[in-house]
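This report goes through the cores, disulfides and salt bridges of one protein chain. Please keep the sequence and the model open while reading.

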Amino acid sequence: QVQLVESGGGLVQPGDSLTLSCVASGFTLDYFAIGWFRQAPGKEREGISCISSSISRAYSADSVKGRFAISRNSAKNTVYLQMNSLKPEDTAVYYCAARSYDCSGYGDEYDTWGQGTQVTVSS
C-alpha cells in the first residue's frame with residue numbers, strides 16, 4: 001500500500017531544465033523526510049537533496065548546489081526536484097525515498113523507494 005512514484009525524466013540537451021515529481025500514496029508526507037538520489041552506470045549511488053517535514057530543512061549535494069531546488073506540496077502529497085543548467089554528468093536514474101521526520105544522506109536509512117526515472121543529458 002505504501003508507494004512512491006517518480007516521474008518527469010527524459011532526454012534533454014546540456015543547459016536545459018527538468019522538474020521531477022515524487023508522489024506518495026498509502027501514507028502522508030507530514031511526518032516524513034523525502035530524499036532524492038541518483039545512480040549512473042559504474043558509479044555509486046549519490047544523495048542529491050532532501051527536505052524534512054516539520055522544520056522544512058533542505059539539503060543539497062555540492063555537485064548540484066545553485067542548480068537544483070527541492071520543494072514540497074503537502075496538499076498533493078508530492079515532492080519536486082527542479083533541475084536547471086543540466087550537465088552531461090547529471091545523467092543517471094533518479095530515485096526518491098522516504099524516512100521518518102529527518103533527512104539523511106545515506107540510502108540505507110530510508111524505508112520506502114520509488115522505481116526511478118531516467119534523466120539523460122546529451123547533445
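Does C50 count as buried or exposed? C50 counts as buried, because its relative accessibility is 4%, and buried means under 20%. The structure is a predicted model, and the values below are computed from it.

## Disulfides

The whole structure contains 2 disulfides. One joins C50 to C103, with the sulfur atoms 2.2 Å apart. The torsion about this S-S bond is about -95°, so the disulfide of C50 and C103 is left-handed. C50 sits in strand 5 and C103 in the loop between strand 9 and strand 10, and the pair links distant parts of the chain, 53 residues apart.

C22 and C96 form a disulfide with a sulfur-to-sulfur distance of 2.1 Å. Here the torsion is about 75°, so the disulfide of C22 and C96 is right-handed. The bond connects strand 3, which holds C22, with strand 9, which holds C96, across 74 residues of sequence. C22 is buried at 2% relative accessibility, and C96 is buried at 0%. With the bonded cysteines numbered in sequence order, the pairing is 1-3, 2-4.

## Nonpolar cores

The largest nonpolar core has 27 residues, and the members that touch the most other members are W36, F68, L81, M83 and Y94. At least two residues of this core come from each of several strands, among them strand 3 (18–25), strand 4 (32–39), strand 7 (68–73) and strand 9 (92–100). A second, separate core has 6 residues, including A33, C50, A97 and C103. Both C50 and C103, which form a disulfide, thus appear in this second core.

Y94 shows how one of these core residues is surrounded. Apart from neighbours within four places in sequence, Y94 contacts E6, L20, F37, R38, I48, F68, L81, M83, G116, T117 and V119. In that list, F68, L81 and M83 are also among the core members with the most contacts to other members.

## Salt bridges

Side chains of opposite charge can pair when their charged atoms come close. The count in this model is 6 salt bridges. One of them is between E46 and R38, at 2.9 Å from N to O. E46 is partly exposed at 27% relative accessibility, whereas R38 is buried at 8%. R38 and E46 also belong to a network of salt bridges with R67 and D90, and R38 is one of the residues in contact with Y94.

Two further salt bridges involve the loop between strand 9 and strand 10. In one, R45 pairs with D108, the closest N and O atoms being 3.7 Å apart. R45 lies in the loop between strand 4 and strand 5, so the pair ties together parts that are 63 residues apart in sequence. R45 is partly exposed at 40% relative accessibility, while D108 is exposed at 75%.

In the other, R57 meets D102 at 2.6 Å, N to O. R57 is in the loop between strand 5 and strand 6 (58–60), so this salt bridge ties together parts 45 residues apart in sequence. R57 has a relative accessible area of 31% and is partly exposed; D102, at 37%, is partly exposed. The loop that holds D102 also holds C103 of the disulfide to C50.

Notes: Residues are numbered from 1 along each chain as its sequence is written. This is a predicted model: local features need pLDDT of at least 70, side-chain atom pairs count only at pLDDT 80 or more; totals for chains, interfaces and linings use all residues. Side-chain values use heavy atoms; hydrogens and water are left out. A nonpolar core is a set of buried Ala, Val, Leu, Ile, Met, Phe, Trp, Tyr and Cys residues joined through side-chain atoms within 4.5 Å. Buried means under 20% relative accessible area, exposed over 50%, partly exposed in between (1.4 Å probe, protein chains only). Helices (H or I, at least four residues) and strands (E, at least two) are DSSP runs, numbered from the N terminus. Contact means heavy atoms within 4.5 Å. A salt bridge is a side-chain nitrogen of Lys or Arg within 4 Å of a carboxyl oxygen of Asp or Glu. A disulfide is a pair of cysteine sulfur atoms within 2.5 Å.
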